[in-house]
Amino acid sequence: MASRYFCVAHVRAIQFLIMVDVILGLQWGDEGKGKIVDFFAKDYPVVARFQGGPNAGHTLYVNGQKIVLHQIPSGIFHAGIKNLIGNGVVLDPVTLKRECASVTAMGVDVKKNLFVSERAHLILPTHRALDKAAEIAKGEQKIGSTLKGIGPTYMDKTGRNGLRVGDLLDANFKDKYISLRSKHQQLLDNHNFQEDISSWEADFFEAIEFLRELNIVNGEYFINEAIASGQRVLAEGAQGSMLDIDFGTFPFVTSSNTISAGVCNGLGIAPQRIRDVYGVTKAYCTRVGGGPFPTELNDETGETLRRIGSEFGATTGRPRRCGWIDLVALKYACMLNGVTAIIMTKADVLDSFDTLEACTGYQTAGKLTEQMPFQLDQTQIKPFYRSFSGWKQDITAMRHSSELPGAMQSYIQFIEGYLGVSVKYISNGPDREQLIERLP
Ligand code: GDP
Ligand code: IMO
Ligand code: MG
């Protein structure tokens, strides 16, 4: 009897403590996570980025003004919300300083609302140089990296060489920096890398001074104390599940765990703390950079998606590759992340299409599969499609679930059935208010 009472109390305590919800991308990035985090942030006293770095470009519209965030969490425009850059993030001080200047000009108090984990690894100028040298060396096989130094910085983390934000507060930071730089220089010499990075270094040291003045905190205590005091936390993912270092389309991936598992080691929280995982997907699909993309459309339809969806990278300006929604990849991402609800963005981009396609299987070596193969890049795949009628209606001014066209409901209901997860929100434009909660 006593043990039964203990169990009930224990479960109640855990329920009380489950306080972290997650918003992350289910495709190859750029699903519209920034807009969605900005929308939901008002209900969360703490918003935290748990991985990635300035390779991310999260677009927000604040009072009609467009801003792209690379390092700062997307809750920053809500006064009174604490925004944490977690230990799993790699941080470029130069980008952060520039971004802080932009948001400050828009009325944000970064000294009050922005916090940086002392365990976050620093991106050095030589990491950026190494990224570039590595991409050049790969030739035709290049990843299409954003060249922000992400891969080399995570390599120094797992290789146990990297410098962390907390190291800035050490008197001998400069010595540590010089020591790591000389290791990098040897690698750059091996690559015969010629570029003069002295101006990058001057900017870096200027930015380091700025970073020292920000709130540098022990992120894991910061977040766990917030949870213990009953504050809800929103974890913001960068990139997308198909760019995950373990489960993405390796080697055409980024260098961090982008899936929900990354929330635990990227913030220092236990798995039981995670409650909802909101997976963001476009109503179609895009990818920027190299690597396999089974539903890519190298034709007029793909061009139309790019034009209507303004599909150009928020970080690099590169045209995004466009194609139909890939339900095989999405189902895989839902499984890996434990997605509890889907948010579908850019539905309005499909407004003018007569017909839509959704990939429901991969045909490979004469067989049809609904599973992700080991090496997507080396597998000849013919996507198997199911067709849908388009809704041929402008949905951008709609605000209620009941207004959504019937043809759209059919498209979404099929996707829900295939994935086994409900689509709870539809985004019908880039603005904050263009988000419709789907009611049963
Ligand atoms: P993120 O990296 O996931 O935050 O996404 P990006 O900001 O890189 O790319 C998403 C782009 O789509 C941005 O330009 C957004 O302003 C825009 N966007 C977001 N949601 C919608 C939507 O529902 N409709 C349209 N037309 N644009 C959207
Ligand atoms: P957000 O957070 C889309 C892609 C790059 C490249 C690969 C590796 O805005 O969704 P990296 O710079 O990490 O070495 O690049 O990953 N990539 C992204 N694609 N959105 C992103 O972030 C991305 N971050 C990296 O284009 O193919
Ligand atoms: Mg982006």
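With a relative accessibility of 6%, Cys334 is classed as buried (under 20% relative accessible area, with over 50% counting as exposed and partly exposed in between, for a 1.4 Å probe and protein chains only). Its closest cysteine sulfur, that of Cys285, is 13 Å away, which is too far for a bond. Cys100 is likewise buried, at a relative accessible area of 1%. A disulfide covalently joins the sulfur atoms of two cysteines. With the criterion that a pair of cysteine sulfur atoms must lie within 2.5 Å, the count is 0 disulfides.

A word on the model helps at this point. The structure is predicted, so local features need pLDDT of at least 70 and side-chain atom pairs pLDDT 80 or more, while totals for chains, interfaces and linings use all residues. Residues are numbered from 1 along each chain as its sequence is written, chains are lettered from A and ligands numbered from 1 in the order in which they are written, and side-chain values use heavy atoms, without hydrogens and water.

The magnesium ion, ligand 3, has Asp30 (OD) and Gly57 (O) as its protein donors, at 2.1 to 2.2 Å. Donors here are N, O and S atoms within 2.8 Å of the metal (3.2 Å for Na, K and Ca), and sites may look incomplete, as water is not among the atoms. The two donors bring together distant parts of the chain, 27 residues apart: Asp30 sits in the loop between strand S1 (20-25) and helix H2 (33-40), and Gly57 in the loop between strand S2 (46-49) and strand S3 (58-62). Helices (H or I, at least four residues) and strands (E, at least two) are DSSP runs numbered from the N terminus. Asp30 and Gly57 are both buried.

Asp30 also meets ligand 1, with a polar side-chain atom 2.9 Å from one of the ligand's oxygen atoms. A polar backbone atom of Gly32 lies 2.8 Å from an oxygen atom of ligand 1. Such polar contacts are pairs of N or O atoms within 3.5 Å. Around ligand 1 there are 19 residues, counted when a heavy atom lies within 4 Å.

Ligand 2 is surrounded by 21 residues, of which Lys33, His58, Thr146, Gln239 and Thr254 come nearest. An oxygen atom of ligand 2 is 2.5 Å from a polar side-chain atom of Thr146, and a polar backbone atom of Gln239 lies 2.8 Å from an oxygen atom of this ligand.

Conventions: Polar contact = N/O pair within 3.5 Å; in protein donor to acceptor, adjacent residues only side chain to side chain.
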